[in-house]
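User: I'd like to go through this model with you, starting with the charged pairs. Can you take my questions one at a time?

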Amino acid sequence: MNKKNRKRANKIPLYAERTVSEQVNTTFDLVRSQWREWLRMSAYVLLPLSIVQGLGVNNILAAILYDTDFPVASGVMAGVVALVGLSLTSALMIELLRWHHTHADGLQGVTFAQLWPRLWRSALKCVPAWLLAVVIMVPGILLATVMSLLIPVMVLLFVAAMLPLWQVPPVYLLEGVGFWTAFRRAFQLGYSRWGKLVGLNFMMLVAVLIIQSTTTIPMTVAGVAVSELGHSSSAYELKVFMQLMVYLGAVLHSVVTYVGLSLTVIANTLYYTSVGTEVEQVNIESEIENFENL
């Protein structure tokens with residue numbers, strides 16, 4: 001078997017019926033088998049975002065440590081960058097999956113210049129999807145928190161009920177339908193196998209928390225050290241150094257957070273392609289077979 005045929009044989013199909021554990025395993029198999037291309041494309045998008053977001057996170061953390069007024073401007077900046085990051089990360093992962101599906105050699109040879117024309121349009125489409133998710137989730141969680149006085153698990157039930165929001169971006173981008181059609185189909189598909197969706201996102205949450213812990217703990221330790229040094233005027237140089245470490249930790253934490261988000265987007269896209277094939281028996285693939293002609 002020649003090299004090209006081996007690549008074809010090793011390609012992971014996008015559209016296939018999978019169990020929850022298979023969806024999780026396929027997510028990590030895809031990243032592991034294409035890790036160079038995935039990491040290179042992610043660095044182009046995630047690193048600049050994380051550098052900017054790290055500034056906002058660093059200022060917020062400093063306000064908490066020094067018990068000062070909340071930096072509203074930094075909070076707004078961090079929120080806007082987070083929305084952009086959510087949209088770009090979702091678009092990037094879905095476009096990489098689309099590229100992997102429509103090219104015989106997967107992501108081999110893909111360049112950012114080739115991906116960018118579709119990526120920025122897809123990211124713009126993801127912005128209203130995530131903005132709507134924020135509009136729904138924030139007041140919903142506040143209301144569920146109040147109701148939890150009567151029903152202790154109300155917040156968890158609400159979050160679980162809103163998990164189909166993860167399906168809006170892949171439906172919207174892969175099927176090419178209107179936004180509200182994608183929103184409706186996302187909830188139809190999500191609730192058709194709701195137990196699987198809950199199990200999938202629970203498993204991904206555990207994996208993401210484990211990944212994030214590698215940066216959360218060092219950043220917290222550095223932040224506490226900076227706070228303690230603030231009481232000592234003789235340790236100015238060390239304090240500046242530790243503040244730099246906190247900022248770099250915030251940037252690294254943002255990168256790792258986006259990596260976790262990337263894995264979650266891939267897993268939920270695989271859920272969509274699996275359930276769409278299983279429940280509706282529709283040939284969703286036909287919508288993206290003409291990818292190179294679009």
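User: How many salt bridges does the structure hold?

Analyst: Keep in mind that this is a predicted model. Side chains of opposite charge can pair when their charged atoms come close. One such pair here is Arg32 with Asp29, and another is Glu95 with Arg98. For the structure, the salt bridge count is 4.

User: Which helix holds both Arg32 and Asp29, and how far apart are they in sequence?

Analyst: Their side chains meet in a salt bridge, with N to O at 2.2 Å. About one helical turn separates Arg32 from Asp29, because they sit 3 residues apart in the helix. That helix spans residues 20-33, and its name is α2.

User: Is Arg32 buried or exposed?

Analyst: The cut-off for exposed is over 50% relative accessible area, with partly exposed lying between that and the buried limit. Its partner Asp29 comes out at 28%, so Asp29 is partly exposed. Arg32 has 54% relative accessibility, so Arg32 counts as exposed.

User: What about Glu95 and Arg98: what is the N to O distance in their salt bridge?

Analyst: Both residues lie in helix α4, residues 72-102. They are 3 residues apart there, about one turn of the helix. Their side chains meet in a salt bridge, and the N to O distance is 3.0 Å.

User: And what is the relative accessible area of Arg98?

Analyst: Buried means under 20% relative accessible area. Glu95, its salt-bridge partner, counts as buried at 0%. Arg98 is buried too, and its relative accessible area is 2%.

User: Which helix does Arg118 sit in, and which one holds its partner Glu95?

Analyst: The side chains of Glu95 and Arg118 meet in a salt bridge at 3.4 Å, N to O. The two residues lie in separate helices, so the pair ties together parts that are 23 residues apart in sequence. Arg118 belongs to the helix covering residues 112-147. In short, Arg118 is in α5 and Glu95 is in α4.

User: Is Arg118 buried or exposed?

Analyst: The limit that matters here is 20% relative accessible area, with buried lying under it. Arg118 has 18% relative accessibility. Glu95, across the salt bridge, is also buried. So Arg118 counts as buried.

User: Which residues are linked in a network of salt bridges?

Analyst: Start from Glu95, whose side chain meets that of Arg98 in one salt bridge. The Glu95 side chain also meets that of Arg118 in a salt bridge. Put together, the network links Glu95, Arg98 and Arg118.

User: Stepping back, how many helices and strands are there in the chain?

Analyst: From the N terminus on, the elements run α-α-α-α-α-α-α-α-α-α. Among contacts between residues at least 6 apart in sequence, 77% join residues at least 24 apart. Of the 294 residues, 45% count as buried. The element count is 10 helices and 0 strands.

User: How much area does the chain expose?

Analyst: Carbon and sulfur atoms supply 68% of the exposed area. The total for the chain is about 14900 Å².

User: Which residues form the nonpolar patch on the surface?

Analyst: One of them is Leu156, found in helix α6, residues 154-161. At 63% relative accessibility, Leu156 counts as exposed. Together the patch residues have about 760 Å² of accessible area. The members are Val146, Leu149, Leu150, Ile151, Val153, Leu156 and Leu157.

Notes:
Residues are numbered from 1 along each chain as its sequence is written. This is a predicted model: local features need pLDDT of at least 70, side-chain atom pairs count only at pLDDT 80 or more; totals for chains, interfaces and linings use all residues. Side-chain values use heavy atoms; hydrogens and water are left out. Helices (H or I, at least four residues) and strands (E, at least two) are DSSP runs, numbered from the N terminus. Buried means under 20% relative accessible area, exposed over 50%, partly exposed in between (1.4 Å probe, protein chains only). Contact means heavy atoms within 4.5 Å. Accessible areas come from the Shrake-Rupley method with a 1.4 Å probe; for residues, only the protein chains shown count as cover. Patches are made of residues with over 30% relative accessible area and no salt bridge: like charges are joined within 9 Å, nonpolar side chains (Val, Leu, Ile, Met, Phe, Trp, Tyr) within 5 Å.
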